[in-house]
Every structure is written in structure tokens, then in C-alpha cells.
Amino acid sequence: MAGEPQDDCLFCKIVDGSVPATIVRETETTVAFRDINPQAPTHVLVIPKAHHKDAAALAAEAPGVAADVLRETQAVADEEKLESYRIVFNTGGGAGQTVWHAHAHVLGGRGLAWPPG
């Protein structure tokens, strides 16, 4: 069910503390932590604490929490002193989503070419 923790979800396990992560920020509705395979000098994931399978589901099921995730991307960028940065939501396997829990990648600290990929 949307919003409920999933036993097989890595990010739900980070939220409940059963899987360690380098947490950089936490709010009532979100957790931000360093990516274990960084693609830029700053690579932080911002996730909702509640389980939603991807960004589209999060926006449809909990738009207020989706706004919280976006607000936290700015807070991460501010704390990391990023003058510019990229926010990426991969939605679906073809777009590179590998963990089926909505999450935003905050990438910065180097030039980021366009188009990506």
C-alpha cells in the first residue's frame, strides 16, 4: 500500500535505521543521505520517509511530501554550498531507477553537461 514501509525496500530500511547511511539531513517527512556510488563531488539522495514507488506516484499520492522533498534538495544544496546543482528523479527502469522508492538525486560540485546520459 502507498506510504507503507516495504520489507524489501532498501530506502525503507534506511528510514527505519536497519541499514546504515551517511545522513546529512532529516525532517519529519524526509531523509537525505550520501549516495554510495557518487556521480559528482556532491551526490545526495533526498527521499520521503513514506514509501512511494517513484516520483510520479509520490506527486499523485502525497503532493505535500513531494514539495517537502524538493524543499530539502535546496536545503542540501545550501548546506553543501553549491552555487549550481542538478536535481534528478529517475522514474522507471528505462530511466535508470534501480530502487523503487521515490528519491531525488542532488548533484553538484562539478560541471554537469547537457544532455545527460
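**Walking through the fold**

Modeller: Reading along the sequence, you get the pattern α-β-β-β-α-α-β-β. Helices (H or I, at least four residues) and strands (E, at least two) are DSSP runs, numbered from the N terminus. This is a predicted model, where local features need pLDDT of at least 70, side-chain atom pairs count only at pLDDT 80 or more, and totals for chains, interfaces and linings use all residues. Residues are numbered from 1 along each chain as its sequence is written, and side-chain values use heavy atoms, with hydrogens and water left out.

Biologist: How compact is the chain for its 117 residues?

Modeller: Take the radius of gyration over C-alpha atoms, and set it against the globule rule, 2.2 Å times the number of residues to the power 0.38. The rule gives 13 Å for 117 residues, and the chain comes out close to that, so it is as compact as a globular protein of that length, with a radius of gyration of 13 Å.

Biologist: In what order do the 5 strands sit in the sheet?

Modeller: The sheet is open and its pairing is antiparallel; two strands count as paired if DSSP finds at least two bridges between them. Strand 1 (23-26) and strand 4 (85-88) are the edges, each pairing on one side only. The order is 1-2-3-5-4.

Biologist: Which residue stands opposite Val 44 in strand 5?

Modeller: Strand 3 (residues 42-48) pairs with strand 5 (residues 104-108) in the antiparallel sense, over 5 bridges. The partner facing Val 44 there is Val 106.

Biologist: How many residues lie between strand 1 and strand 2 in their hairpin?

Modeller: These two strands run antiparallel and are joined by 3 bridges. Glu 26 stands opposite Val 31 in strand 2. The number of residues between the strands is 3.

Biologist: At about what angle does helix 3 run to strand 3?

Modeller: Helix 3 (residues 63-79) lies across strand 1, strand 2 (30-34), strand 3, strand 4 and strand 5. Axes are lines fitted to C-alpha atoms, for helices over the stretch in contact (heavy atoms within 4.5 Å), and angles run from 0 to 180 degrees between N-to-C directions. For helix 3 and strand 3 the angle is about 155°.

Biologist: Which element gives the largest share of the largest nonpolar core?

Modeller: A nonpolar core here is a set of buried (under 20% relative accessible area, 1.4 Å probe, protein chains only) Ala, Val, Leu, Ile, Met, Phe, Trp, Tyr and Cys residues joined through side-chain atoms within 4.5 Å. The largest has 14 residues, and Ala 32, Val 46, Leu 58, Val 69, Val 76 and Val 106 touch the most other members. Strand 3, helix 3 and strand 5 each supply at least two residues. The largest share, 5 residues, comes from helix 3.

Biologist: How many residues are in the other core, the one with Phe 11 and Cys 12?

Modeller: This one lies apart from the largest core. Phe 33 and Ile 47 are also among its members. Its count is 9 residues.

Biologist: Is Lys 81 buried or exposed?

Modeller: Lys 81 is in the loop between helix 3 and strand 4, and has a positive phi of about 60° although it is not a glycine. Its relative accessibility is 72%, and the cut-off is over 50%, so Lys 81 counts as exposed.

Biologist: Which peptide bond is cis, with omega near 5°?

Modeller: Look in the segment after strand 5, where Pro 115 has its place. The cis bond runs from Trp 114 to Pro 115.
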